[in-house]
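User: I've got a structure here and would like to go through it with you. Can we take it question by question?

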There are 2 protein chains.
Amino acid sequence: MKTEPLTWAQAHTNIALVKYWGKANLELIIPQNSSLSLTLDHFYTQTGVQFDEYLSADQFWLDDQSIPVSSKVKRCLDVVRELAGINQFAKVVSYNHVPNSAGLASSASAFAALATAASRAAGLHLDGKQLSRIARRGSGSSTRSIFGGFVEWHGGNSDATSYAEPIQDPVTMDIKMITVILNRSQKSISSSNGMQRSVTTSPYYPIWRDQAANDLINIKQAIYSNEFTNVGEIAETNAMRMHSLTLSADPSFTYFNADSLTVMNVVHHLRQNGIECYFTMDAGPNVKILCQSKNEQRIQDELANHFKPQDIVVCNPGPGVKVIRDPRLK
Amino acid sequence: MKTEPLTWAQAHTNIALVKYWGKANLELIIPQNSSLSLTLDHFYTQTGVQFDEYLSADQFWLDDQSIPVSSKVKRCLDVVRELAGINQFAKVVSYNHVPNSAGLASSASAFAALATAASRAAGLHLDGKQLSRIARRGSGSSTRSIFGGFVEWHGGNSDATSYAEPIQDPVTMDIKMITVILNRSQKSISSSNGMQRSVTTSPYYPIWRDQAANDLINIKQAIYSNEFTNVGEIAETNAMRMHSLTLSADPSFTYFNADSLTVMNVVHHLRQNGIECYFTMDAGPNVKILCQSKNEQRIQDELANHFKPQDIVVCNPGPGVKVIRDPRLK
């Protein structure tokens, strides 16, 4: 019995400039607030999927290792199976070119690639909006990795109304994101648990929602008007207001480590010296620096005083998800 | 012409368990919220004051160095002069047994001692409430250093209604504060500037006021009921909610440094291992750990893995301000 080959897709990570922090619906992953991100060219996931009537369970290989199928992967596959009206288990093979679980959004590219590969393998031909809704069921931030460039995730209030939309792709703004990879180890509190604790225990949480809504309006205007300074300032304050929600939770927690503070101090120092740059940070210690081409080298040089060159990665705006040929075939 | 000798007073630092963060009146130093502190036995200031008709300006010696008279010192002296109806300049001699300006409240003990010595030197015999109102004009937190033990600063809304009151002195609760002195250098943003930026730019600030009011009610109940656990939990969450106001300001800032994070991680690690302790932190990188006698040694041992023994200082509840004899006389 010959089976069909795997259907492959590739998706890139995205980093939010207006953060997603908090779920309104835990099952459907409907967020408390809309968010906006930049998809990056450097970090990506390639995933192949095959539905097979002879399989007795879903299977998952990550970087050539068989690992248990997580409830999130199963949920994504279930959504695809239901849409396609098929009743077969799937083999999923994935290669992750992103440091895992340290605030570099490895799950964003992973579920965007999975949603795309799985739906195509099931015979579905969905548009980006539909794919983003499937990816969302695996990981909220992956909703945005379906598209390239600047992407908005409309928070919505239902499965149908919570989806991503490209805001500018290809990106015309001169913008780069320098990622400093500080910690390849797993984070101590997952983003899911961290945001839920913020929602339920931070007294500041209700204000965050209003603030994020304002930030979203303002950053879109700044993108349309090609105002890098406004984009950077909004992104930095928005990120720190998200991290305020971790400190103000009960019990309090933080994703900062000593190296995170070092990168922030580098950014402050550079700005004081006329080098324009801004930082953002997610649910892990890695810090990402927004800058323009003219300052890229100067910022790298300054970072090299504190970090290894291989941990300093310059990213450009990246593309949306696409179907690819099997990357294992040379 | 023989002048009167200096009149001396000694006051101890205090560390707030429900923080003061934000002024409602910059001139009178009326706070946005009431606060509660523990006066400590270890760090203190001794100050001598002499009003002298032959002086042509106020003079200030700190640790045997002549330094310019700050506007805050002048304001305190002016308040005393007005109350006493005298029109003479003052000589002020002060010895500070507190690391300066790194979140250890050196100004708290300094202005409490100054208010007491100056008013007595001017022939006034004021009660603690009156002294606390004078100290307040120099530095908000010094309002509380007039009294020993647990002290509340009633925020009030005028000079007359903004004063300190002892809540429990002597302290009957088994409570100690282990201070880790992380940075003897000056802080980069003063508490005055930091709190003002929080008040004017953090969207979370209005919620902070309500939260602090609740925390104050609850911590007083915990003190009266001798519930150390509640005192510690309220103090830790309150402190981190104050620090959220620095991160959420525009531009954002933080008093955390790498060593601050290390101390917080030590506390988390100890708690996970059944050693009860809590941290608090002010407008500087130093972290203070609340604990009970039974765990004091264990916590010191753990800290000694990361810090020098001389930077780990165990404090007990300390006394209120008192008039003393000239400390230079042996």
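User: Let's start where the chains meet. How many residues of chain A are in contact with chain B?

Analyst: Keep in mind that this is a predicted model. Counting contacts as heavy atoms within 4.5 Å, chain B puts 25 residues into the contact. On the chain A side, the number is 25 residues.

User: And what share of the area buried between chain A and chain B do carbon and sulfur atoms give?

Analyst: The area buried between the two chains comes to about 2,100 Å². In chain A, the residues losing the most area to chain B are A:Tyr204, A:Arg241 and A:Leu247, together 33% of what that side buries. As for carbon and sulfur atoms, their share of the total buried area is 67%.

User: Which element gives the largest share of the side of chain A that touches chain B?

Analyst: The candidates giving two or more residues to that side are α5 (205-224), α6 (228-247) and α7 (258-272) of chain A. With eight residues, the largest share comes from α6(A).

User: What about chemistry: how many residue pairs are in polar contact between chain A and chain B?

Analyst: Salt bridges don't come into it, as the count between chain A and chain B is zero. The residues on the chain A side divide into 12 nonpolar, 10 polar and three charged. With both partners at pLDDT 80 or more, the residue pairs in polar contact between the chains number nine.

User: Now the open sheet of four strands in chain A. Which strands stand at the edges, and why is one side of each left without a neighbour?

Analyst: The sheet is antiparallel and runs in the order β11-β12-β10-β13 in chain A. Each edge strand has a single partner strand, so one side of each has no neighbour in the sheet. Those edge strands are β11 (278-281) and β13 (312-315) of chain A.

User: Inside that sheet, what stands opposite A:Ile178?

Analyst: Look at β10 (residues 176-180) and β12 (residues 287-291) of chain A, an antiparallel pair held over five bridges. Across from A:Ile178, in β12(A), you'll find A:Ile289.

User: Which strands of chain A does α7(A) touch, and what angle does its direction make with that of β11(A)?

Analyst: α6(A) packs on the sheet too, touching β11 and β12 of chain A, with its direction at about 35° to that of β11(A). α7(A) touches β10, β11 and β12 of chain A. Its direction makes an angle with that of β11(A) of about 160°.

User: Over in chain B, by how much are neighbouring strands of the open sheet turned against each other on average?

Analyst: The sheet there has four strands in the order β11-β12-β10-β13 of chain B, paired antiparallel. Ignoring direction, neighbouring strands of this sheet are turned on average by 25°.

User: What is the bridge partner of B:Thr179 in β12(B)?

Analyst: Strands β10 (residues 176-180) and β12 (residues 287-291) of chain B pair in the antiparallel sense over five bridges. In β12(B), the partner of B:Thr179 is B:Lys288.

User: Last one: do β5 and β7 of chain B run parallel or antiparallel?

Analyst: β7 (residues 89-97) of chain B is also joined to β4 (residues 35-52) of chain B by nine bridges, and that pair runs antiparallel; there, B:Thr45 stands opposite B:Asn96. For β5 (residues 59-62) of chain B, four bridges make the link to β7(B), and B:Gln59 has B:Lys91 as its bridge partner. The sense of the β5(B) and β7(B) pair is parallel.

Technical notes
Residues numbered from 1 in each chain as written. Chains lettered and ligands numbered in written order. Predicted model: local features only at pLDDT ≥ 70, side-chain atom pairs only at ≥ 80, totals over all residues. Heavy atoms only, no water. Buried area = accessible area lost by both parts, 1.4 Å probe. Salt bridge = Lys/Arg side-chain N within 4 Å of Asp/Glu carboxyl O. Polar contact = N/O pair within 3.5 Å; in protein donor to acceptor, adjacent residues only side chain to side chain. Nonpolar A, V, L, I, M, F, W, Y, C, P; charged D, E, K, R; others polar. Pairing = 2+ DSSP bridges. Axes fitted to C-alpha atoms, helices over the stretch in contact; angles between N-to-C directions.
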